[in-house]
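This report describes the fold, pockets and selected residues of one protein chain. The sequence and model come first, and the description follows.

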Amino acid sequence: MAKATTIKEALAKWEEKSGEKAAEALEVKLYGQIPPIEKMDASLSTLINCEKLSLSTNCIEKIANLNGLKKLKILSLGRNNIKNLNGLEAVGETLEELWISYNLIEKLKGIHAMKQLQVLYMSNNLVKDWAEFSKLADLPNLVDLVFVGNPLEEKYSSEGTWVDEATRRLTRLKKLDGVPVIKQVEEEAED
């Protein structure tokens, strides 16, 4: 079996291809590496100006080493083997979008640290109960959520109650699973 690509190797390849220096770049794309990246290693800390980091379609199991990414706004980790959200605290003050669909996430422990998060794409994971889903209510700025393909969503969609139940628990949502949330507003006549 081929040895995994390290972040350092992937960054070197990316610099060569893009002609940019990783330390200065606003956007760094390390998705779909062959062989795939398995670890988010300390080389990530060199990305001090990075606002958008793409690490999707690799074999990453743990979120780690984001401490140096003080400007990170968008993190793309879709199609990996990530099992939990530990490690995101480091970018909790800046991250606005987290794309983490097609992983193995069952629990949302640690999500509350994402104070600026507005967009969360986490379709096709393993979240199966409302207790976990309700942790998303701790995100004061979350307005766009994609949750389709999680056991919880599949169960309640088949009953036809998914949208009502999800938007009742997350009252600030403007978009759920790609569809605008339309709330029935009761207006009281003012005399």
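Helices (H or I, at least four residues) and strands (E, at least two) are DSSP runs, numbered from the N terminus. The model described here is predicted.

**Overall fold**

In total, the secondary structure consists of four helices and eight strands. Their order along the sequence is α-β-β-β-β-β-α-β-α-α-β-β. The C-alpha trace spans about 65 × 40 × 25 Å along its principal axes. The protein has 191 residues, of which 42% count as buried. Of the contacts between residues at least 6 apart in sequence, 42% join residues at least 24 apart.

**Pockets**

The largest pocket has a volume of about 210 Å³. Its lining is made up of A10, K13, W14, K17, S18, K29, Y31 and Q33. Helix α1 (residues 7–18) gives the largest share of this lining, with five residues. By class, the lining of the largest pocket holds three nonpolar, two polar and three charged residues.

The second largest pocket has a volume of about 180 Å³. Its lining has 11 residues, and those closest to the pocket centre are V163, D164, T167, V181 and I182. Two or more residues of this lining come from each of α4 (162–169) and β8 (179–180). The largest share, four residues, belongs to α4. The lining of the second largest pocket divides into seven nonpolar residues, one polar residue and three charged residues.

Helix α4 also has a buried part: W162, E165, A166 and T167 are buried. The cover over the buried residues of α4 includes α2 (130–133), α3 and β7 (175–176). T167 is thus named twice, as a buried residue of α4 and among the lining residues closest to the centre of the second largest pocket.

**Cysteines**

How many disulfides does the model have? With a disulfide taken as a pair of cysteine sulfur atoms within 2.5 Å, the count is zero. C50 is buried, at a relative accessible area of 0%, whereas C59 is partly exposed, at 28% relative accessibility.

C50 sits in the loop between β1 (27–29) and β2 (52–54). Leaving out residues up to four places away in sequence, C50 touches A25, L26, V28, K71 and L72. C50 and G68 are 18 residues apart in sequence, and their C-alpha atoms lie 9.6 Å apart.

**Two further buried residues**

N150 belongs to the loop between β6 (144–146) and α3 (151–159). Is N150 buried or exposed? N150 counts as buried because its relative accessible area is 0%, and buried means under 20%. The side chain of N150 reaches the backbone oxygen of M122 at 2.9 Å. M122 is also one of the contacts of N150 beyond four places in sequence; the others are S123, N124, N125, L126 and V127.

S76 lies in strand β3 (residues 74–76) and is buried, with a relative accessible area of 6%. Apart from residues up to four places away in sequence, S76 touches L53, S54, L55, S56 and W99. S76 and S101 are 25 residues apart along the chain, with 8.9 Å between their C-alpha atoms.

**Backbone geometry**

Most residues other than glycine have a negative phi, and most peptide bonds are trans. A cis peptide bond joins I34 and P35, with omega about -10 degrees. P35 lies in the loop between β1 and β2. The table lists two residues other than glycine that have a positive phi.

| Residue | Phi | Location | Relative accessibility |
|---|---|---|---|
| N65 | near 55 degrees | loop between β2 and β3 | 35%, partly exposed |
| R79 | near 55 degrees | loop between β3 and β4 (97–99) | 45%, partly exposed |

N65 counts as partly exposed because its relative accessibility is 35%, and R79 counts as partly exposed because its relative accessibility is 45%. For both residues the class follows from the cut-offs, under 20% for buried and over 50% for exposed.

Terms used:
Residues numbered from 1 in each chain as written. Predicted model: local features only at pLDDT ≥ 70, side-chain atom pairs only at ≥ 80, totals over all residues. Heavy atoms only, no water. Buried < 20%, exposed > 50% of the residue type's maximum accessible area, 1.4 Å probe, protein only. 1 Å grid on protein atoms, 1.4 Å probe; cavity = no way out; pocket = protein on both sides within 12 Å on 5 of 7 lines; lining within 4 Å. Points joined across faces, edges and corners; volume = space filled by probe spheres on them. Nonpolar A, V, L, I, M, F, W, Y, C, P; charged D, E, K, R; others polar. Polar contact = N/O pair within 3.5 Å; in protein donor to acceptor, adjacent residues only side chain to side chain. Contact = heavy atoms within 4.5 Å.
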